[in-house]
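Please open the model in a viewer and follow the selections below in order. The tour visits a pocket and then a set of charged side-chain pairs.

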Amino acid sequence: MKGKTIGWVVLIVLGLVAPFIVYPVLVMKILCFALFACAFNLLLGYTGLLSFGHAAFLGWAGYVCGYAMKEIGLTPELGILAGTAMAAALGFLFGSLAIRRSGIYFAMITLALAQLMYFLALQFPFTGGEDGLQGVPRGRLFGVVDLGEPLNMYYFVLAIFLGGFWLINRTIHSPFGQVLKAIRENEPRAVSLGYDVDRYKLLAFVLSAALSGLAGATKTLVFQLASLTDVHWHMSGEIVLMTLLGGMGTVFGPVVGATVVVGLQNFGAQLGQWVGVLTGVIFVICVLAFRRGIVGELAVLIKRSGIRI
């Protein structure tokens, strides 16, 4: 527990000082994707369910949040709640259908449903189609705090990330989380112990979808834009990459993975399409040499060295 406490302290301190060292919008982007990756890791790393459709939750939460704020005039907190609720509803729909199958069939069902949502996002008028939903106002938090101020917006995003991260951490260390791990390790045995496996899978799916939606709605506020990029299947593949690179089934792994991938995309932007090649090479090296991911391998090295943290 001491090591996890140190990790939390480091995470909070870095979060507080980051906007004074790095461009705040970049850090906010990292925080949004880190929350998205942690939500995905709850499903893949702790329940053993590989979804290729999580971009639907990220993107549609962004559309709903943006529309609610721009056209209806909701405040930021209500807009984000609306987007999160939309993602949770989609998660219930996706999960109810997908959990009837397992393995590659589960993954393909989620991909097919996500592609359907991509097509709807392209056709519906309120999404803006290929142009996206632009000019989303940041508004005033609770009608008081002006989120147009960069630092106000940054610390709001940081608070959302820390709240979501705490909820995920609390979930995986709860009795509910222990059942999810049992399902991941040996589903038939979990069934034999009397657990309603399908119900636990569905709950995990909905929670993962809702937190992904929270990340998507927050991202829309940061960039004041909801676009097709967030609904595309490439985004689902990207979040798989972040999770595996950082360390699937670890608490801080997705945060590290999201930081590495977003950092590479930002600082390697001048390389053009080659940044994708570079990211792919790093991923291949990680899979071949560091199968547990960055954080997973570090944890093993620390354990072998006998260092107590």
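The largest pocket of this predicted model encloses about 1200 Å³ of space. To centre the view on this pocket, select Gly7, Leu11, Phe252, Val256 and Val295, which are the closest to its centre among the 40 lining residues.

Next, colour the helices that contribute two or more residues to the lining: α1 (2-17), α2 (24-47), α6 (150-172), α11 (253-267) and α13 (293-305). Of these elements, α1 gives the most, with 9 residues. Colouring the lining by residue class shows 30 nonpolar, 8 polar and 2 charged residues.

Now turn to the salt bridges, of which there are 4. Select Arg184 and Glu185, whose side chains meet with an N to O distance of 2.9 Å. Arg184 counts as partly exposed because its relative accessibility is 30%, whereas Glu185, at 58%, counts as exposed.

Proceed to Lys201 and Glu187, another salt bridge, in which the closest N and O atoms are 3.0 Å apart. This pair links distant parts of the chain, with Lys201 in helix α9 (residues 197-223) and Glu187 in helix α8 (residues 187-192), 14 residues apart. Lys201 is buried at 3% relative accessibility, while Glu187 is partly exposed at 29%.

Finally, select Asp230 and Lys219, which form a salt bridge at 3.0 Å, N to O. Asp230 lies in the loop between β4 (225-226) and α10 (233-246), and Lys219 belongs to helix α9, 11 residues apart. Are these two side chains buried or exposed? Asp230 counts as buried, at 5% relative accessibility, and Lys219 likewise counts as buried, at 12%.

Methods
Residues are numbered from 1 along each chain as its sequence is written. This is a predicted model: local features need pLDDT of at least 70, side-chain atom pairs count only at pLDDT 80 or more; totals for chains, interfaces and linings use all residues. Side-chain values use heavy atoms; hydrogens and water are left out. On a 1 Å grid over the protein atoms alone, a cavity is a set of points where a 1.4 Å probe fits but cannot get out, and a pocket is an open set with protein on both sides within 12 Å along at least five of seven lines; lining residues have an atom within 4 Å of a point. Grid points are joined across faces, edges and corners, and a volume is the space filled by probe spheres set on the points. Helices (H or I, at least four residues) and strands (E, at least two) are DSSP runs, numbered from the N terminus. Ala, Val, Leu, Ile, Met, Phe, Trp, Tyr, Cys and Pro count as nonpolar, Asp, Glu, Lys and Arg as charged, and the others, Gly among them, as polar. Buried means under 20% relative accessible area, exposed over 50%, partly exposed in between (1.4 Å probe, protein chains only).
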